Amino acid sequence: MGPAELVQAAAMARRFYLEGKSKIQIAEEFGVSRFKVARVLETALERDLVRIEIRVPAELDAERSDALRARYGLRHAVVVESPAEAEESPDPENLGEVAADLLGELVNEGDVLGLAWGRSTIHMAAALDRLPPCTVVQLTGVYDAGTAERGSVEAVRRAAQVSGGDAHPIYAPMLLPDAATASALRNQTGIARAFEYFDKVTVACVSIGSWEPGISTVHDMLSDEERAHYASLGVAAEMSAHLFDAQGRRVGRDLGERCITVETDRLRRIPEVVAIAGGQRKAAAIDAVLRSGLVTSLVTDTAAADFLLAAGAAPKPALQRADPDE
């Protein structure tokens, strides 16, 4: 390109890339056809006169995010850099922070937001700083094992406070001794009122656990005998007190009868279900839950994403919401 052509190409590129003018507008200004403008812009890229750089915040991995979304047929996949202590911390707080920003995008005014118990969802709620006016409902009972991690109710209250909407918490344990006790609790006024909102939930936020100590809430609440029993059924993952094998099929359905939690058929009908989970120790469990057809979007980290991208045969697209048991 000669000097005149270079100057003209630079001017057209400035109009197109920086000033946002259309090719037709540029063609009219320079007295050429829009096809000429298109060729000049293409040449400007080829000759390195224009450089296009795509930049996202350093903690986000755009390439892994897009690859993960495509592999599992998700609506959204957001991958963040794993912290140095990822192996020791199965629920990095930065996942909750990114999930809080994602919910700020996904939730619209008038929606019903459902929050299931989990350390990652508690981190998410704590990080919320913007949310359109919406109703917030608790999707599971609380983890009550004599620890300080009882943040489900607080998470619901926090989200409702940020949004300015109503809160519907559940003041009951997640796991009960037997099905009869669980059934009686579900019929209590406050809990029944929360359950009435389950069919109205438009966006849900859930956590995922693998079947091992400290990584699954349900695992830690069961006796050794019960853990061994469910392990013999091939349980690989737990989400909202529902158990799944490596192919995403539900196992140990009797456990659900003892739990205060949203049913899987209701979860499957929720338009947007965002799972928050990361770390190598949870990677296989994340794969199992993604195969269940219950999740539409995922916030995870690079440690888990690398495992997921190298996993076995690709599952059915998540957005089909297909039940692997059928």
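**Exercise 1. A salt bridge in a loop**

Which residue does the side chain of arginine 51 meet in a salt bridge?

Solution. First, a note on the model. It is predicted, so local features need pLDDT of at least 70, side-chain atom pairs count only at pLDDT 80 or more, and totals for chains, interfaces and linings use all residues. Residues are numbered from 1 along each chain as its sequence is written, and side-chain values use heavy atoms, with hydrogens and water left out.

Step 1. Recall the rule: a salt bridge is a side-chain nitrogen of Lys or Arg within 4 Å of a carboxyl oxygen of Asp or Glu.

Step 2. Find the partner. The side chain of arginine 51 meets that of aspartate 48, at 3.1 Å from N to O.

Step 3. Check the exposure. Buried means under 20% relative accessible area, exposed over 50%, and partly exposed in between (1.4 Å probe, protein chains only). Arginine 51 has 69% relative accessibility, so it counts as exposed. Aspartate 48 has 43%, so it counts as partly exposed.

Step 4. Place aspartate 48. It is in the loop between α3 (34-46) and α4 (62-72). Helices (H or I, at least four residues) and strands (E, at least two) are DSSP runs, numbered from the N terminus.

Step 5. Look at the backbone. Most residues other than glycine have a negative phi. Aspartate 48 is not a glycine, yet its phi is positive, about 65°.

**Exercise 2. Two more salt bridges**

Describe the bridges of glutamate 29 and aspartate 224.

Solution. Step 1. Start with the total: a search of the whole structure finds 17 salt bridges.

Step 2. Take glutamate 29. Its side chain meets that of arginine 15, at 2.8 Å from N to O. This pair links distant parts of the chain: glutamate 29 is in helix α2 (residues 23-30), arginine 15 is in helix α1, and they are 14 residues apart.

Step 3. Compare with the cut-offs. Glutamate 29 is partly exposed because its relative accessibility is 40%. Arginine 15 is buried because its value is 18%.

Step 4. Take aspartate 224. It bridges to arginine 227, and the closest N and O atoms are 2.9 Å apart. Both sit in helix α11 (residues 224-232), 3 residues apart, so about one helical turn separates them.

Step 5. Apply the cut-offs again. Aspartate 224, at 59%, counts as exposed. Arginine 227, at 21%, counts as partly exposed.

Step 6. Now look for a network. Asp199, Glu263, Arg266 and Arg269 are joined into one by salt bridges that share partners.

**Exercise 3. Empty space inside**

How many cavities of 30 Å³ or more does a search of the whole structure find?

Solution. Step 1. Know the method. On a 1 Å grid over the protein atoms alone, a cavity is a set of points where a 1.4 Å probe fits but cannot get out; lining residues have an atom within 4 Å of a point. A volume is the space filled by probe spheres set on the points.

Step 2. Count. The search finds 3 cavities.

Step 3. Size up the largest. Its volume is about 120 Å³. It is lined by 16 residues, and those closest to its centre are Trp117, Gly118, Ser207, Thr217 and Glu238.

Step 4. Sort the lining by class. It has 6 nonpolar, 6 polar and 4 charged residues. Here Ala, Val, Leu, Ile, Met, Phe, Trp, Tyr, Cys and Pro count as nonpolar, Asp, Glu, Lys and Arg as charged, and the others, Gly among them, as polar.

**Exercise 4. A nonpolar surface patch**

Which residues make the nonpolar surface patch of about 400 Å²?

Solution. Step 1. List them: Tyr17, Leu18, Leu45 and Ile52.

Step 2. Check the rule. Patch residues have over 30% relative accessible area and no salt bridge, and nonpolar side chains (Val, Leu, Ile, Met, Phe, Trp, Tyr) are joined within 5 Å. Accessible areas come from the Shrake-Rupley method with a 1.4 Å probe.

Step 3. Test one member. Tyrosine 17 is in helix α1 (residues 3-18). Its relative accessible area is 33%, so it is partly exposed.

**Exercise 5. The whole chain**

Summarise the chain, then examine arginine 321.

Solution. Step 1. Count elements: the chain has 15 helices and 11 strands.

Step 2. Give its span. Along the principal axes, the C-alpha trace covers about 85 × 40 × 40 Å.

Step 3. State the burial. Of 326 residues, 50% count as buried.

Step 4. Turn to arginine 321, in the segment after α15. Its phi is near 55°, positive in a residue other than glycine. Arginine 321 counts as buried because its relative accessibility is 15%.

Key. 1 Å grid on protein atoms, 1.4 Å probe; cavity = no way out; pocket = protein on both sides within 12 Å on 5 of 7 lines; lining within 4 Å. Patch = residues over 30% accessible without salt bridge, like charges linked within 9 Å, V, L, I, M, F, W, Y side chains within 5 Å.
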